[in-house]
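Open the model in your viewer and keep a selection box handy. We will go from stop to stop, and each stop tells you what to pick.

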Amino acid sequence: MRLHLTDEDVAFREEMHTYFRTKVPQDIRDTLGARRELSKDQMVRSMQALNAGGLAVPGWPVEWGGQDWSPLRRHIWSVEMQLACVPPPLAFNAGMIGPVIAAFGSQEMKERFLPATANLDIWWSQGFSEPDAGSDLASLRCAAVRDGEEYIVNGQKTWTTLGQYGDWIFTLVRTDPEVKKQAGISMLLIDMTTPGVTVRPIELIDGGHEVNEVFFEDVRVPAENLVGEENKGWDYAKFLLGNERVGVAPVGLIKRLVAQAKEQAKTAGPDGSSLLDDPLVAARVVELENELMALELTALRVVAHSVEGKPHPASSVLKLRGSELQQAATSLFLDLGGPLSLASGASDGSDVPDWVRVTAPKYLNLRKASIYGGSNEVQRQIIAGTILGLR
């Protein structure tokens, strides 16, 4: 099967190709290309460069900076961005709270928050999961009690990704404990500099600081920061999580990883020999490339058959195989590095190549890909029911 784009879509792809490689600062692209962690400043500058060209929030309503693109053009935009080593727009802003405010916020809330959200002048954090309310999110206990023109919030959130950078946090809180658990939840926007908000880091298996705990102790939040209606937060959360699961198969990223792995394999053998001469390594690379081709064709089938914004059932296949292939690519890097892959903590002045030094942390970090965006076991159940007809 070969993909034939229209002349207009080819021109659009070239436009994206050129913009990403000329308008996003080179230091940002070099950092991402080397598989190193971006700083907050780099992430902000990158999204602002995209926003300057109208490319930061294409899925938003046009009046707030969105683009009236077809699903195929959204796919092309995403793939070309990944191939160019450009970080995607911050998901909490572009894919989560932005669309929620655009759909359910008051006009005043839209005007106050949407332009700053698109330009990353406000860094949003996500306050959903709690220690006893992860997969069963509706069981959350973080409470908000109305007190005149304010809510008083008490409770805890956890696994708050990049919360150490957050300016504001969109938070699910329980506002009515007497009704069915899904019916008593509201969404509040909370300034993270408010007295009573505490952020504590959680160290990950790769040694990084990516997620956090967030505590609320008698935090006073203006009632005007309520999104939509009180006790309708579960509806807004479902809308948001639907956006969160968009783009979970990063085809361009995996293509780039496989290409980089092949390049490193050329000199990773004894005395700088090529590991691609090893039939087992060569077969593994070819198998990964074939799986990646199948993933890309599935992605194109999904975008071609999505109707009125509703995801195609095969989107669950994208999430499942996309996460597995990301993990397979990082596993390949780990094996190419051999015993040196254990030297992830080596200093920059050591004899360990830079690409090897970052291999183990990236491998460990991407174990999470099986869980976020809908765990892979849940995706298998969805595939069994909606595609295979096994109930």
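## Starting in a loop

Select Gln 164 to begin: with a relative accessibility of 28%, Gln 164 counts as partly exposed. Keep in mind along the way that this is a predicted model. Gln 164 sits in the loop that runs between strand 3 (150-157) and strand 4.

Now show what surrounds this residue. Leaving aside neighbours within four places in sequence, Gln 164 is in contact with Val 199, His 209, Glu 210 and Asn 212. If you like distances, draw one from the C-alpha atom of Gln 164 to that of Thr 198: the separation is 10.0 Å, for residues 34 apart along the chain.

From that list of contacts, pick Asn 212 next, which belongs to strand 7 (residues 209-222). Is Asn 212 buried or exposed? At 1% relative accessibility, Asn 212 counts as buried. With neighbours within four places in sequence left aside, its contacts include Lys 157, Trp 159, Leu 162 and Gly 163, as well as Gln 164, where we started. Arg 200 and Pro 201 are also among the contacts of Asn 212.

## Arginines over rings

Stay with Arg 200 for a moment and add Phe 215 to the selection. Arg 200 lies over the face of Phe 215, at 4.5 Å from the ring centre. A second example is at Arg 146, which lies over the face of Tyr 151, 5.2 Å from the centre of that ring.

## Aromatic pairs

Next, colour the aromatic side chains. How many aromatic pairs does a search of the whole structure find? The search finds 11 aromatic pairs. Zoom in on Phe 104 and Phe 239: their ring centres are 5.2 Å apart and their planes meet at 85°, so this pair is edge-to-face. The pair links distant parts of the chain, since Phe 104 is in helix 5 and Phe 239 is in helix 7 (residues 233-244), 135 residues apart. Phe 104 is partly exposed at 31% relative accessible area, and Phe 239 is partly exposed at 34%.

Then move to Phe 113 and Trp 168, an aromatic pair that is edge-to-face, with 5.1 Å from centre to centre and 75° between the planes. Phe 113 lies in helix 6 (residues 107-118) and Trp 168 in strand 4 (residues 168-174), so the pair ties together parts that are 55 residues apart in sequence. Both Phe 113 and Trp 168 are buried. Add Trp 124, Phe 128 and Phe 170 to the selection, and you have one aromatic cluster together with Phe 113 and Trp 168.

## Into the cores

Some of those names come back here. The largest nonpolar core has 60 residues, and those with the most contacts inside it are Phe 20, Trp 124, Phe 128, Phe 170 and Leu 189. Which helix gives the largest share of this core? Helix 5 (residues 91-104) does, with seven residues. A second, separate core has 26 residues, including Val 79, Ala 265, Leu 295 and Ala 329.

Select Phe 20 and show its contacts. Setting aside neighbours within four places in sequence, Phe 20 is in contact with residues that include Leu 50, Leu 55, Trp 77, Met 81 and Val 86.

## Two positive phi values

For a look at the backbone, go to Arg 35, in the loop between helix 2 (26-33) and helix 3 (40-52). Phi of Arg 35 is near 60°, a positive value in a residue other than glycine. At 8% relative accessibility, Arg 35 counts as buried.

Then select Leu 120, in the loop between helix 6 and strand 1 (124-127). Leu 120 is not a glycine, yet has a positive phi of about 55°. Its relative accessible area is 5%, so Leu 120 is buried. For background, most residues other than glycine have a negative phi.

## Zooming out

Finally, clear the selection and show the full chain as a cartoon. The protein chain has 13 helices and seven strands. Its radius of gyration is 22 Å, close to the 21 Å that the globule rule gives for 391 residues, so the chain is as compact as a globular protein of that length. Along its principal axes, the C-alpha trace spans about 75 × 50 × 50 Å. Of the 391 residues, 46% count as buried.

Conventions
Residues are numbered from 1 along each chain as its sequence is written. This is a predicted model: local features need pLDDT of at least 70, side-chain atom pairs count only at pLDDT 80 or more; totals for chains, interfaces and linings use all residues. Side-chain values use heavy atoms; hydrogens and water are left out. A nonpolar core is a set of buried Ala, Val, Leu, Ile, Met, Phe, Trp, Tyr and Cys residues joined through side-chain atoms within 4.5 Å. Buried means under 20% relative accessible area, exposed over 50%, partly exposed in between (1.4 Å probe, protein chains only). Helices (H or I, at least four residues) and strands (E, at least two) are DSSP runs, numbered from the N terminus. Contact means heavy atoms within 4.5 Å. Rings of Phe, Tyr and Trp (its six-membered ring) pair if their centres lie within 6.5 Å; planes under 30 degrees apart count as stacked, over 60 as edge-to-face and the rest as tilted. A charge sits over a ring if NZ of Lys or CZ of Arg is within 6 Å of the ring centre and within 35 degrees of the ring normal. The radius of gyration is taken over C-alpha atoms; the globule rule is 2.2 Å times the number of residues to the power 0.38.
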